[in-house]
Amino acid sequence: MDYLLTESQIMIRDLARKIAVEKIKPVAAQYDESEEFAWPVMKILAESDLFGIYLPEAYGGMGGGILEMCLVTEELSRACGGIALGYAGTGLGTLPILLHGSEEQKKKYLPDIASGKKLAAFCITEAEAGSDAGSIKTTARKEGDKYILNGTKQWITNAGEAEIYTVIALTDKAKGVRGASAFIVEKGTKGMEFGKKEKKMGIRASATREVIFTDCEVPAANLISREGMGFIVAMKTLDTSRPGVAAQAVGIAQGALDCALDYSRTRVQFGAPISSFQAVQHMLADMGTQIEAARALAYSVARMVDSGAKSVSKESAMAKLFASDVAMKVAVDAVQIMGGYGYMRDYPVEKFMRDAKITQIYEGTNQIQRNVIAANMIKEALKK
Amino acid sequence: MNIIVCIKQVPNTTDVRIDPVTNTLIRDGVESVINPFDAYAIEEAVRIRERCGGKVTAVTMGPPQAETALKEAIGLGCDEGVLVSDRKFAGSDTWATSYTLACAIQKLDAYDLVLCGKQASDGDTAQVGPGISTHLDIPQVTYVKKIVEINDKSARVERMTEEGYDVVEVPLPCLFTVVKEINTPRMPSLKGMMRAKSAKLVKWTAADLDADPAALGLDGSPTRVVKIFTPEPRKGGEMISGATGEVARELVELLKGEVV
Amino acid sequence: MASIRILLDKCTGCTLCVKACPFGAIHMADRKAVIDMAKCTLCGACVAACKFSAIELEKSAGPKRDLSAYKDVWVFCEQKKGVIQSISFELLGEGRRLADKLGVKLCAVLLGHDMETAAGRLGERGADKVYLVDHPALAAYQDDPYTAVLVKLVEEYKPEALLCGATTIGRSLISRVAIRTNAGLTADCTGLDVDTKERLLLQTRPAFGGNIMATIIAPNHRPQMATVRHKVMQEAPVRPGRGVEVVSNVYPEETFASRTRLIEVVEELASTVNISEADIIVAGGRGMGGKENFAQLEELAKVLGGAVGASRSAVDADWIGYSHQVGQTGKTVVPKLYIACGISGQIQHLIGMQSAKTIVAINKDPDAPIFKVATYGIVGDVNELVPALTREFKRALNK
């Protein structure tokens with residue numbers, strides 16, 4: 001389908017596709033197996049200027065937006081959703097600075113992110129604060145020109161690998177979510193440690209760790225926006241980043257469909273390629289249609305974000321919800337089309353299936369997305 | 001350092017498929033790319049420039065659409081591109097091709113180094129690089145796998161041989177043909193591609209070159225194709241099936257004659 | 001300027017030329033062939049394919065040159081550390097056949113230092129004459145002195161054909177000599193023959209990057225030069241005691257000057273057998289699944305006394321070094337036995353190994369193209385079959 005991309009968007013997509021095909025696809029299985037972080041690939045993405053595409057030119061970026069970021073995330077995910085997350089996770093960690101950071105903060109941190117010299121990570125989730133993000137316990141106590149952070153963030157993407165962390169912590173416990181604030185914490189800050197690397201079902205090339213703060217001193221200049229704005233920063237960040245999760249899901253789904261389609265054309269049973277059987281054809285047709293619908297929704301929401309729309313919560317939740325459900329369904333069907341081969345690790349579809357699952361869970365489970373969507377729908381109806 | 005990289009646009013061999021009926025190449029839909037071996041030459045040239053400063057100029061001879069190869073080369077870090085294109089060059093064999101490229105190089109600013117891939121993936125002759133150095137009358141080192149040292153005056157390089165490698169010292173200007181072992185080419189960068197998009201290429205025809213017209217194209221090519229044919233494909237043989245152990249035993253029995 | 005055109009009265013609209021054109025430059029309109037000049041490269045493939053002489057490729061006739069002074073077939077004999085390389089014997093074998101057909105002498109060209117004894121023995125490999133240039137500067141190959149000397153020999157003695165190995169040395173040297181002597185040169189010939197009437201060397205090689213073979217001539221230039229890859233031709237048999245005339249040539253010292261300086265010759269001891277020399281090759285591709293599984297191939301190769309080869313994708317995945325790569329961008333191999341494990345058989349790979357005497361293919365995909373060239377094919381899991389084969393061969397060979 002023609003999404004009327006601009007010439008430079010096509011260039012970005014094609015470059016990301018080239019890197020995915022030539023540099024990620026050949027190593028995807030290996031990183032999945034070893035669970036190592038794909039630094040060599042990150043270096044390639046950096047040299048190709050892809051980390052900066054959604055950042056303003058003033059900070060060394062290419063001046064694009066969320067749509068550009070989605071195009072790259074989708075193409076990389078088509079080869080490996082885990083490796084793609086090193087890229088997308090950096091985007092998530094960067095958005096609080098980009099959206100709410102001061103000029104000084106932007107000048108200090110964005111150029112190194114744009115050049116890919118440093119990766120970023122976003123820290124909100126805690127052991128007892130998943131879907132219920134409002135019950136985070138990490139605190140930030142102001143002492144002079146410093147904040148002292150204490151608490152443990154869990155399942156943080158890029159933790160340990162990234163240099164720049166945006167962290168949500170409570171500056172005023174009594175105020176609950178209104179007492180939360182956002183901070184920039186650099187790796188190496190005293191009192192900041194990482195837990196052991198988690199062993200995951202999928203996206204295994206992505207690093208997931210705890211980030212532990214023990215009397216961690218952060219300069220007051222690293223407070224993003226004002227005290228008490230933490231949740232607004234976090235919600236706005238997630239609203240903006242969800243089209244990216246949708247794009248990741250679309251990429252995973254497309255990667256799985258690519259394999260299944262290829263296989264169905266060469267696999268001969270009962271004397272004919274299985275792609276000639278209607279049972280298989282109908283599955284392929286559904287998969288292709290669902291992916292295209294998910295992509296159309298993801299791109300539309302990304303464009304809406306880029307246009308400066310004020311509220312995108314509902315739409316970005318829809319994109320994330322729909323695309324991730326499509327990814328899961330398509331990946332399962334891809335395995336089914338390939339039968340026993342699909343179940344074997346020799347082919348990448350079982351990996352796509354494992355990778356797809358996370359997209360229904362992280363950055364807000366799909367159940368939470370539905371809550372957001374419904375709440376917005378009801379709110380809109382009330383206004384009428 | 002002023003470096004010239006000679007490149008060629010070729011069909012992407014990873015796309016190449018053979019028509020099972022006619023046994024000929026299916027060219028439809030096959031994209032054109034920079035000869036993979038030339039990519040190593042481009043990368044090496046860019047690396048030398050990053051170390052020593054200077055300029056990298058990509059030169060190609062080919063049809064007008066070879067322009068895209070030059071733009072791609074700029075996307076990979078080359079500074080300028082020169083397209084040498086004319087109907088008069090049609091039918092060039094390696095003699096005429098190397099002559100034409102040498103004439104183009106002589107028209108450019110003084111150079112220190114000419115880099116070529118060891119061969120083109122579509123012709124596989126490995127003759128054009130040495131041909132250019134001969135026409136230019138400069139020393140050459142072929143199959144370079146490592147540039148150990150390079151400065152304005154000379155270079156020390158390793159030339160890959162069948163047994164290992166030779167260490168060779170050579171004064172500049174000179175020509176190297178490079179092998180895959182020399183580096184890992186980088187991916188194009190967006191900034192480079194943006195620059196390529198707006199880059200003005202130099203375009204020369206036969207009239208722009210100080211060349212003997214009789215030495216160009218088919219007229220200047222000593223060789224000529226007189227016959228083409230598709231070889232009989234090798235016949236597939238016997239399929240062996242059964243349990244792993246049985247199959248292995250059967251195969252060993254069949255191959256006994258070959259392995260003693 | 002050269003031009004090409006369709007002779008409409010002769011064109012029958014048979015479309016042979018359309019199929020033959022490697023550049024897709026010909027289509028049919030009104031049942032006649034039409035050439036798209038934007039795509040045509042004047043390669044002449046259509047002219048060669050047309051059965052009705054309906055395509056005319058006109059070359060501005062340069063001055064017709066008198067080529068009668070050129071005679072004899074020459075073979076450039078490559079030596080390293082004073083040892084004549086086997087490629088030279090392969091070329092002497094082929095050169096003998098061509099020289100006999102043309103009714104001329106087969107001459108070897110030998111450049112080196114202290115090579116008199118070796119030169120004297122080239123008669124045993126079929127040479128009638130050896131042009132020897134013996135000088136310390138020629139002990140090891142260097143582009144400049146080798147080019148200068150060979151050009152002098154060619155200009156002085158005027159051979160009609162000159163064969164050279166498509167080796168690192170051969171390809172570097174002969175390309176320069178061809179330019180300097182204004183000769184036609186064809187790389188990597190897989191077949192050579194002569195047209196005795198026109199005294200033409202018919203040089204056949206794969207062309208246009210595919211499964212097409214082209215026969216190439218150099219009608220108006222001498223010598224006619226060709227390179228041939230190692231292992232493509234049969235080595236000349238040894239005929240003990242057969243004599244040879246050695247012509248020693250002395251040239252002024254400046255002929256041996258070299259702008260490049262050879263500092264060191266490093267031999268890297270290959271841990272395994274060199275695949276271009278091996279009689280048995282066990283090769284692995286992407287289907288091996290990973291680097292660690294290549295150990296199974298090494299094990300089998302060891303039992304068979306063979307070498308390990310690989311497809312490009314296995315090399316690209318860094319499972320094994322490039323020196324093991326077989327195919328268009330790797331080495332051409334002609335072993336007695338080639339066992340392809342988990343190699344699908346892309347054309348680029350087949351080009352490098354399909355002349356093997358016996359090919360065994362093991363692949364889990366029954367439709368893999370490799371089975372189309374295999375003498376014996378097995379559909380199955382390489383990681384089960386290879387160890388099983390190793391066990392069975394061990395037993396059969398009492399190892």
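Visitor: Which residue stands opposite B:Val167, and in which strand?
Guide: In this predicted model, B:Val167 stands opposite C:Glu264, a residue of β17(C).

Visitor: What makes β11(B) and β17 of chain C a pair of strands?
Guide: DSSP has to find at least two bridges between them. Here β11(B) and residues 261-267 of chain C share six bridges, so they count as paired. They run in the antiparallel sense.

Visitor: Let's move to B:Gln119. Where does B:Gln119 sit in chain B?
Guide: You'll find B:Gln119 in a loop of chain B, after β8 (113-117) and before α4 (128-136).

Visitor: Is B:Gln119 buried or exposed, and how do you know?
Guide: Its relative accessible area is 7%. The cut-off for buried is under 20%, so B:Gln119 is called buried.

Visitor: What does B:Gln119 touch, leaving out residues up to four places away in sequence?
Guide: Within its own chain, B:Gln119 touches B:Asn35, B:Phe37, B:Asp124, B:Thr125 and B:Ala126. From chain C there's C:Arg171.

Visitor: What makes the pair B:Gln119 and C:Arg171 a polar contact?
Guide: The two side chains come to 3.0 Å. A polar contact needs N or O atoms within 3.5 Å, one able to donate a hydrogen and the other to accept it, so this pair qualifies.

Visitor: And why is B:Glu163 with C:Lys80 called a salt bridge?
Guide: The closest N and O atoms of B:Glu163 and C:Lys80 are 2.8 Å apart. The rule asks for a Lys or Arg side-chain nitrogen within 4 Å of an Asp or Glu carboxyl oxygen, so the name fits. Between chain B and chain C the count is seven salt bridges. The same interface has 31 residue pairs in polar contact, both residues at pLDDT 80 or more.

Visitor: Which elements of chain B supply at least two residues to the side that touches chain C?
Guide: Among them are α3 (94-107), β9 (140-150), β10 (154-160) and α6 (244-259). α6(B) gives the most, with eleven residues. By class, that side of chain B has 34 nonpolar, 27 polar and 24 charged residues.

Visitor: How do you put a size on the contact between chain B and chain C?
Guide: Interface size is often quoted as the accessible area lost when the parts come together. For chain B and chain C, the buried area is about 8,400 Å², and carbon and sulfur atoms give 56% of it. The contact takes 85 residues from chain B and 99 from chain C.

Visitor: What about chain A and chain B: what area is buried there?
Guide: About 1,200 Å², of which carbon and sulfur atoms give 75%. Here 17 residues of chain A are in contact with twelve residues of chain B.

Visitor: How many salt bridges does the rule find between chain A and chain B?
Guide: Zero. The rule does find five residue pairs in polar contact across chain A and chain B, both residues at pLDDT 80 or more. On the chain A side, α1 (7-34) and α2 (39-47) each give two or more residues. α1(A) gives the most, with nine. That side of chain A divides into eight nonpolar, three polar and six charged residues.

Visitor: What share of chain B counts as buried?
Guide: 60% of its 260 residues. Chain B has six helices and 15 strands.

How values were computed:
Residues are numbered from 1 along each chain as its sequence is written. Chains are lettered from A and ligands numbered from 1 in the order in which they are written. This is a predicted model: local features need pLDDT of at least 70, side-chain atom pairs count only at pLDDT 80 or more; totals for chains, interfaces and linings use all residues. Side-chain values use heavy atoms; hydrogens and water are left out. Helices (H or I, at least four residues) and strands (E, at least two) are DSSP runs, numbered from the N terminus. Buried means under 20% relative accessible area, exposed over 50%, partly exposed in between (1.4 Å probe, protein chains only). Contact means heavy atoms within 4.5 Å. Buried area is the accessible area (1.4 Å probe) that two parts lose on being put together, summed over both. Ala, Val, Leu, Ile, Met, Phe, Trp, Tyr, Cys and Pro count as nonpolar, Asp, Glu, Lys and Arg as charged, and the others, Gly among them, as polar.
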